[in-house]
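Work through the exercises below with the model open. Each task is followed by a worked solution.

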Amino acid sequence: MRGATPVKTPRSSTSTVIQETISTEAARRFYDRLGVRHDWVGWWEARAKARATQLLDLRPGLRVLDVGVGTGRDHALVQAGVAPGGMTVGLDLSAVMLDLTRARTGAPVCRADARAVPFAGASFDRLFCAYVLDLLPARDLPETLAGFRRVIVPGGRMVLVTLTEGVSLSSRLFIAAWKALYAVSAAACGGCRPLQLAEMVRAAGFCGVWRETVVHLAVPSEIIVATR
Ligand SMILES: C[S@@+](CC[C@H](N)C(=O)[O-])C[C@H]1O[C@@H](n2cnc3c(N)ncnc32)[C@H](O)[C@@H]1O
């Protein structure tokens, strides 16, 4: 996809216009090709994911769905956090990513689209989704969040991480440069663009929604914690 046309997003999102993204099929091909190299390019995500994993409040025996599990590196930490007696499932669109996760963790994996999680209602105590919603089409975000809510038990917790708008000079400059590159080629950015999701998460029916922004090496990430 060349360029990216901004689209009006649903009332429930934020005042920020969300850029359109690459197709789901293009995202799958991108991550199939990237494979384990995602570990090498994900250095800028490490601090936000460490914080998000802490906010998941993992305890032995919990059941966790990791949506867009990627190479499984973080999933191994999640798995350790619910042992003994817990259960984690890694979901991803990319078969390559799922093979990597299976090899790394031995955890059950599920090839599916984040926009339609194929599990019964109230199947998980926690849902973790890092750097995936920022790849999805804006129009699909409300339904995706509703699907996430459906599979979490009442009182269960969801933790989201996405690229977000800058909050400091360095992170604002980074996001301005990122958006300029994105406008030329969304595909070169893996379809990933900054989001601010708190309002949309509330509109999806979650409660206790709060957010924080973690800036690491000028890259701003939003962490959202919400309760079903
Ligand atoms: C940026 S990576 C993040 C991986 C991992 N969560 C992490 O933080 O390292 C995005 C992941 O989401 C997956 N993905 C992209 N679109 C998806 C979709 N519609 N449904 C499920 N997974 C998707 C990709 O295959 C890839 O593994």
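**Exercise 1. Which residues are closest to the ligand, and which helix gives the largest share of the shell around it?**

Solution. The model is predicted. Start with the shell: 22 residues surround the ligand. The closest are Tyr31, Gly68, Gly70, Ser94 and Ala114. Next, sort the shell by class: 11 residues are nonpolar, 5 polar and 6 charged. Then turn to the elements. Helix α1 (residues 24–34) gives the largest share, 3 residues.

**Exercise 2. Trace the strand order of the 7-stranded open sheet and find its edges.**

Solution. Read across the sheet: β5-β4-β3-β6-β7-β9-β8. The pairing is mixed. Now take the two ends. β5 (109–111) and β8 (207–216) each pair on one side only, as edge strands. From one strand to the next, the twist averages 15 degrees.

**Exercise 3. How do strands β6 and β7 run, and which helix packs on the sheet there?**

Solution. Strands β6 (residues 124–130) and β7 (residues 152–163) run parallel, joined by 6 bridges. Arginine 126 stands opposite arginine 157 in β7. Now add the helix. α6 (residues 141–151) packs on the sheet and touches β3 (63–67), β6 and β7. The direction of α6 makes about 140 degrees with that of β7.

**Exercise 4. Which members of the largest nonpolar core touch the most other members?**

Solution. The core holds 60 residues. Leu127 and Cys129 touch the most other members. By element, β7 supplies the largest share, 6 residues. Finally, list the contacts of leucine 127, leaving out residues up to four places away in sequence: Leu65, Val67, Phe148, Val151, Ile152 and Met158.

How values were computed: Residues numbered from 1 in each chain as written. Predicted model: local features only at pLDDT ≥ 70, side-chain atom pairs only at ≥ 80, totals over all residues. Near = placed C-beta within 6 Å. Helix = DSSP H or I, 4+ residues; strand = E, 2+ residues; numbered from the N terminus. Nonpolar A, V, L, I, M, F, W, Y, C, P; charged D, E, K, R; others polar. Pairing = 2+ DSSP bridges. Axes fitted to C-alpha atoms, helices over the stretch in contact; angles between N-to-C directions. Contact = placed C-beta atoms within 7 Å. Core = buried A, V, L, I, M, F, W, Y, C linked by C-beta atoms within 7 Å. Buried ≥ 20, exposed ≤ 12 C-beta atoms within 10 Å, placed from the backbone.
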